[in-house]
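Student: Let's talk about the words people attach to a structure like this one. Show me how each label is earned.

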Amino acid sequence: MIDLLVIGGGPAGLAAAIHAARAGLSTTVLEPRRTPVDKACGEGLMPGAVRALARLGVTVEGHPFHGIRYLEADGRRAAEARFRAGHGLGVRRTALHAALAARAEQVGVRHAAGRAEDLVLTEQAVVVGQLAARHAVAADGLHSPVRRALGLHRPVADARRPARYGQRRHFAARPWSDLVEVYWSRHAEAYVTPVSERTVGVAVLGSQRLPFDRQLAQFPDLLERLGGAEAGQVRGAGPLRQHATARVHGRVLLVGDAAGYLDALTGEGIAIALASAEAAVRCLTTDRPGAYEREWRRATRPYRLLTTALLAARQHPAIGPRIVRLAAAAPPLFRAGVNVLAR
């Protein structure tokens, strides 16, 4: 019998495992894939996520950025907000995953290859195959099989909010800004994150399921900036919006995307993953796992409120096409919103 079984070895799961091991819990991560795993990700860590990695003792190479800039697709209008405290970090997803895995090994986290296909809950334990643990953290991603197996998944069906999808591609281009740039077209957003001195990542989010190149064609100013730079492989994810009816089920706690997800619009995916992992382990080490639901709601409230509001504005026929114009017209409000998310 171990103290904690972490189901899923992505950033959320590894963060939970590191916190748990450092708190003295015997911890095993169950993950079928070999590290590092690449996947669609905006690859921008907000200042709060950078501080969360420091608390984990994780050092990762990346490219600093100092705020957010919104631009119209043709580049005619723009609004920018710089962080008041700290900096963000553009980090390749594979580099982040590898750094977390190395730290987990360093603090004594064990690894088991496999999936939680035969999950059994008892009053005393969580059992998966030959593994038995006092508690489990489910960090198995956006389409979490554990969330579904526990009956915590609720299908999302809302004609007013069409499903949104994300695609990401790297370009061999020198970063031209010390900000993350977000270009807005009528139907999609393109996020440009500097991840090294010679590479930018471009993530496109929207409700149209089109090939990456057709999506990118909606942003002429960005295309000109990229200037035909060599491009890497396309990674995709979606639908992004996922709903969990609860974050706690007996001895199982859901963290990261498995706990439910709104959208990548505000760029906080990794920050939320790290915050929820830290909150879950804090509740376990203080022997109050049931408190995690409240802790999760508290930790994610700014993200949920601001993302919901921005999504509603994005999908409003009168407001959506004017988001950059409105942000440029109200600089204090835009700066305040960005810096709430940066925390």
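Tutor: Start with pairing: two strands pair if DSSP finds at least two bridges between them. Strands here are DSSP runs of E with at least two residues, helices are runs of H or I with at least four, and both are numbered from the N terminus. This is a predicted model, in which local features need pLDDT of at least 70 and side-chain atom pairs count only at pLDDT 80 or more, while totals for chains, interfaces and linings use all residues. Residues are numbered from 1 along each chain as its sequence is written, and side-chain values use heavy atoms, with hydrogens and water left out.

Student: How do you know that β1 and β2 are paired?

Tutor: Count the bridges: 4 of them join β1 (residues 2-7) to β2, and the two strands run parallel. The cut-off is at least two, so they pair. L4, for one, sits opposite T27 of β2. Between the two strands the chain passes through helix α1 (residues 11-22), in a β-α-β crossover that is right-handed. Right-handed here means that, with the strands pointing away from you, the path from the first strand over the helix to the second runs clockwise.

Student: And what makes β8 a partner of β2?

Tutor: Here 3 bridges link β2 to β8 (residues 110-112), again in parallel. L30 has A112 as its bridge partner in β8.

Student: Which way do the side chains of β2 point, and are they buried or exposed?

Tutor: In β2 (residues 27-30), T27 and V29 point one way while T28 and L30 point the other, and all of them are buried. Buried means under 20% relative accessible area, exposed means over 50%, and partly exposed is in between, with a 1.4 Å probe and protein chains only.

Student: Why is E43 called buried?

Tutor: Its relative accessibility is 3%, and that is under the limit, so E43 counts as buried. E43 sits in the loop between β2 and β3, with a positive phi near 65° though E43 is not a glycine.

Student: What about D287, buried or exposed?

Tutor: D287 has a relative accessible area of 64%, over the upper limit, so it is exposed. D287 also has a positive phi without being a glycine, about 60°, and lies in the loop between α7 (269-285) and α8 (292-315).

Student: Why single out phi values like those?

Tutor: Because most residues other than glycine have a negative phi, and most peptide bonds are trans. On the peptide side, the bond from T35 to P36 is cis, with omega near 0°, and P36 is in the loop between β2 and β3 (44-45). Another cis bond joins G238 and P239, with omega about -10°. P239 lies in the loop between β17 (235-237) and β18 (243-244).

Student: Why are α7 and α8 called roughly antiparallel?

Tutor: Their axes cross at roughly 160° and come within 9 Å. Axes are lines fitted to C-alpha atoms, for helices over the stretch in contact, with angles from 0 to 180 degrees between N-to-C directions. Under 35 degrees is roughly parallel, over 145 roughly antiparallel, 65 to 115 roughly perpendicular, and the rest oblique. The angle is over 145, so α7 and α8 are roughly antiparallel. Residues making the contact (heavy atoms within 4.5 Å) include I272, A279 and C283 of α7 and Y292, W296 and Y303 of α8.

Student: What makes β3 and β4 edge strands?

Tutor: They belong to an open sheet of 3 strands, ordered β3-β7-β4 with antiparallel pairing. β3 and β4 (63-65) have a single partner each, so one side of each lacks a neighbour in the sheet. β4 and β7 (residues 88-90) share 3 antiparallel bridges, with H63 opposite G90.

Student: Which strands are at the edges of the sheet of 7 strands?

Tutor: That open sheet runs β6-β5-β14-β15-β16-β13-β17 with mixed pairing, and β6 (78-82) and β17 are its edges, each pairing on one side only. Inside it, β15 (residues 188-196) and β16 (residues 199-206) are antiparallel over 8 bridges, with Y191 opposite A203.

Student: Last one: why is Q208 only called partly exposed?

Tutor: Its relative accessible area is 29%, which falls in between the two limits, so Q208 is partly exposed. Q208 is in the loop between β16 and α5 (212-216). Neighbours within four places in sequence aside, Q208 is in contact with H187, Q215 and Q218.
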